[in-house]
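Student: I have a structure open and some questions about its helices. Can we work through them?

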Amino acid sequence: MESESPLVPFPLLQTPIETNYRACTIPYRFPSDNPRKATPVEIQWIDLFLSSVPSFKQRAESDNTVVDAPEKAEKFAQRYTEILEDMKKNPESHGGPPDCILLCRLREQVLREVGFRDIFKKVKDEENAKAISLFEGVIRLNDATEDEIKRAENLIRGILAGNIFDLGSAQLAEVFARDGMSFMASCQNLVPRPWVIDDLDTFKTKWTKKSWKKAVIFVDNSGADIILGILPFARELLRRGTKVVLAANELPSINDVTYTELVEIIKKLKDEKDQIVGVDTSGLLIVNSGNDLPVIDLSNVSPELAYLAADADLVILEGMGRGIETNLYAQLKCDSIKIGMVKHPEVAQFLGGRLYDCVFKYNEVLNY
């Protein structure tokens, strides 16, 4: 379902949005910077996007749904590299100055212009099938933890472990190419706490004392991320009586799960009673966010999402793109969680943490 309507602001952003909201977390430049000269931070991020070009080109070459894929992949690599090099010389050359949203948008535009729609489709399908086969085992393991607070922590750790599956990171793309990823081992091997942003203890005390009537979760990657990380947590919220809205991308972007893919995944996980491993799913809704990037600007979401989110009292932004590189400091009118793994050295440096550090930022809004 592709949205025909114009995008609208997310209704739970603090207003006025113009003065309270800035999508990109890391400032690439300041008003005092020369508009025609790239800043050191802009150069650093342009180089980061340049370093990912070979892995995107490789994915594109092997897209057997596209005629002449290798030639088109070469065209993509050349064109996007040219754009990035142009921006180093003149940051305003392609609709800039650049930030992570613009750099992602230009990459997607070039891919689509040369003829690619979803270069990660094959790997997404494979990883989804693998994760679906492991889903019930992960659920049983979580359900066996009787202590409610410990179970909540296990579920949060599961989200962070699932978020490792990210083919937008050049280093992680190489790891996957070599040997895949063991989900349970990843849960055990998260960097030790305290994490670079760590509100987990505060959240765990709230978990037993309050319940939310409706949660909106902005989801991230296919495979282990959505199926073994987010969905067990969403199921736990449903079990506690919270309605859950899962907001997924309208169009493909790297290995992020799309709205149509998520609808199929949920169908496969439900039994004939419309339950997911014994939990009723009548309070579960899936919505197209109106987004087509691995990052998100909350001032532009689909009207469907805006309508469903208007009465939510918990918003979760998951993944490095949506929860850290954009929206880490977004002020919302209700409780919020920003959760993800730090997978770029540039983000680790900005936050003052380690590569593969974790972010769990919980903000409570009283009297919402």
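The turns below treat a predicted model, one helix first and then a helix pair.

Student: How many Å does helix α4 reach from its first C-alpha to its last?
Tutor: Helix α4 covers residues 100–114, which is 15 residues. At 1.5 Å a residue, 21 Å is expected. The span in the model is close to that: 22 Å.

Student: Is α4 mostly covered or mostly open, and how many of its residues are buried?
Tutor: Buried here means under 20% relative accessible area. The buried set includes nonpolar side chains such as Leu102, Leu103 and Val110. Charged Arg107 and Glu108 are also buried. So α4 counts as mostly covered, taking the 20% cut-off, with a buried count of 11 of 15.

Student: Which helices do the buried residues of α4 pack against?
Tutor: Contact means heavy atoms within 4.5 Å. By that cut-off, the partners are α2 (40–61), α3 (69–89) and α13 (320–325).

Student: Which side chain reaches a backbone nitrogen at the start of α4?
Tutor: The backbone nitrogen belongs to isoleucine 101. A side-chain oxygen comes to within 3.1 Å of that nitrogen. Its owner is aspartate 99.

Student: Which residue just after α4 takes a positive phi?
Tutor: The phi is about 120°. The residue is glycine 115.

Student: How are α10 and α11 oriented to each other?
Tutor: Helix α10 (residues 224–239) packs on helix α11 (residues 259–269) with axes 12 Å apart. Their angle is about 70°. Angles of 65 to 115 degrees count as one class, so the pair is roughly perpendicular.

Student: What kinds of residues make the contact of α10 with α11?
Tutor: From α10 come Ile226, Ile227 and Leu231. From α11 come Leu262, Ile265, Ile266 and Leu269. The contact has no polar and no charged residues, and seven nonpolar.

Conventions:
Residues are numbered from 1 along each chain as its sequence is written. This is a predicted model: local features need pLDDT of at least 70, side-chain atom pairs count only at pLDDT 80 or more; totals for chains, interfaces and linings use all residues. Side-chain values use heavy atoms; hydrogens and water are left out. Helices (H or I, at least four residues) and strands (E, at least two) are DSSP runs, numbered from the N terminus. The expected span of a helix is 1.5 Å times one less than its number of residues. Buried means under 20% relative accessible area, exposed over 50%, partly exposed in between (1.4 Å probe, protein chains only). A polar contact is a pair of N or O atoms within 3.5 Å; within protein, one must be able to donate a hydrogen and the other to accept it, and residues adjacent in sequence count only if both atoms are side-chain atoms. Axes are lines fitted to C-alpha atoms, for helices over the stretch in contact, and angles run from 0 to 180 degrees between N-to-C directions. Angles under 35 degrees count as roughly parallel, over 145 as roughly antiparallel, 65 to 115 as roughly perpendicular and the rest as oblique.
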